[in-house]
Structure formats: structure tokens, C-alpha cells
Amino acid sequence: AGLTPRKAGAIVERIGQRTLRAYLKGGRRACRVLATAEDRSAFRRQLESLRQAQPELAALFFELAALALNHLGRDSAWLNAMAAATRKAAGGD
């Protein structure tokens with residue numbers, strides 16, 4: 001929260017660069033999946049902050065994260081449920 005669109009964009013760009021680099025160097029094992037309830041709770045709080053600051057950017061992030069999990073053959077149902085709950089809380093869907 002409190003991020004300007006420019007700062008939020010720069011953060012997402014940096015995350016994307018690091019993610020791509022890790023994947024190119026380590027392949028599928030480079031993906032750290034949010035396996036525990038604690039990890040997912042922290043992820044949810046971070047995404048809620050992003051949603052409040054930049055709803056469109058949060059929606060894009062959800063979509064990209066789901067695509068990545070699907071590509072890696074990982075379960076994305078929990079992420080889709082989180083995205084739906086976030087949209088509902090925002091008054092959408």
C-alpha cells in the first residue's frame with residue numbers, strides 16, 4: 001500500500017526479471033510454491049495490499065501466478081479461490 005503506479009510497475013518488472021532468470025538457470029526446481037498455510041496467508045496479505053494500490057496490477061499478478069503454477073504442473077485451485085475472494089471483497093464478480 002502507498003505505492004505509486006510507477007513504483008508498483010518497477011517492483012513487478014523486477015520480480016519478473018528475477019523469476020525469469022531463476023527459471024532459466026534452475027528450471028522447474030526454481031519455483032518456490034507457497035506450500036504452507038502461513039506462506040499463503042502472507043501471500044494473500046501482500047496481494048491485498050497490491051489490490052488496494054493497483055487493482056489491475058493485482059489481477060494481472062493473479063493471472064500470471066496461476067499460469068506459472070499450471071505450467072509447472074502445480075495445483076492452482078487455492079490461488080483461483082484466493083483471486084475469487086479478492087474480487088468479491090472488491091465488489092466484483
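Phe61 is partly exposed, with a relative accessible area of 25%. This residue belongs to a predicted model. The chain is built from four helices and zero strands. Phe61 sits in one of these helices, α3, which covers residues 55-71. From there the briefing moves to the whole chain, the aromatic rings, and then a few individual residues.

**The chain as a whole**

- Along the sequence, the pattern reads α-α-α-α.
- The chain has 93 residues, and 23% of them count as buried.
- Contacts with a separation of 6 or more were examined along the chain, and 53% of them come from residues 24 or more positions apart.
- About 6,700 Å² of the chain is exposed. Carbon and sulfur atoms supply 56% of that area.

**The aromatic rings**

- How many aromatic pairs does the structure hold? It holds two.
- In one of them, the rings of Phe43 and Phe61 have centres 6.0 Å apart. Their planes meet at 40°, so this pair is tilted. An angle between 30 and 60 degrees falls outside both the stacked and the edge-to-face classes.
- Phe43 lies in helix α2 (residues 37-53) and Phe61 in helix α3, so the pair ties together parts that are 18 residues apart in sequence.
- Is Phe43 buried or exposed? Phe43 is buried, at a relative accessible area of 12%. Phe61, by contrast, is partly exposed at 25%.
- Phe43 also pairs with Trp78, with ring centres 6.1 Å apart. Here the planes stand at 70°, so the pair is edge-to-face. The cut-off for that class is over 60 degrees.
- This second pair links distant parts of the chain. Phe43 is in helix α2, Trp78 is in helix α4 (residues 77-89), and the two are 35 residues apart.
- Trp78 counts as buried, because its relative accessibility is 13% and the cut-off is under 20%.
- Phe43, Phe61 and Trp78 together form one aromatic cluster.

**Arg51 in helix α2**

- Arg51 also has its place in helix α2.
- Arg51 is buried, with a relative accessible area of 17%.
- Which residue does the side chain of Arg51 meet in a polar contact? The partner is the side chain of Glu48, at 2.5 Å.

**Helix α3 and what follows**

- Helix α3 has 17 residues. At 1.5 Å a residue, α3 should span 24 Å. Its end C-alpha atoms are 24 Å apart, so the expected span and the model agree.
- Which residues of α3 are buried? They are Leu57, Ala58, Phe62, Ala65, Ala66 and Leu69.
- Gly73 comes just after α3. Gly73 takes a positive phi of about 75°.

**Ser76 in the loop**

- Where does Ser76 lie? Ser76 is in the loop between α3 and α4.
- Ser76 is buried, with a relative accessible area of 7%. That value is under the 20% cut-off, so the residue counts as buried.
- Setting aside neighbours within four places in sequence, Ser76 is in contact with Ala66, Leu69 and Asn70.
- Ala66 and Leu69 are among the buried residues of α3.

Conventions
Residues are numbered from 1 along each chain as its sequence is written. This is a predicted model: local features need pLDDT of at least 70, side-chain atom pairs count only at pLDDT 80 or more; totals for chains, interfaces and linings use all residues. Side-chain values use heavy atoms; hydrogens and water are left out. Buried means under 20% relative accessible area, exposed over 50%, partly exposed in between (1.4 Å probe, protein chains only). Contact means heavy atoms within 4.5 Å. Accessible areas come from the Shrake-Rupley method with a 1.4 Å probe; for residues, only the protein chains shown count as cover. Rings of Phe, Tyr and Trp (its six-membered ring) pair if their centres lie within 6.5 Å; planes under 30 degrees apart count as stacked, over 60 as edge-to-face and the rest as tilted. A polar contact is a pair of N or O atoms within 3.5 Å; within protein, one must be able to donate a hydrogen and the other to accept it, and residues adjacent in sequence count only if both atoms are side-chain atoms. The expected span of a helix is 1.5 Å times one less than its number of residues.
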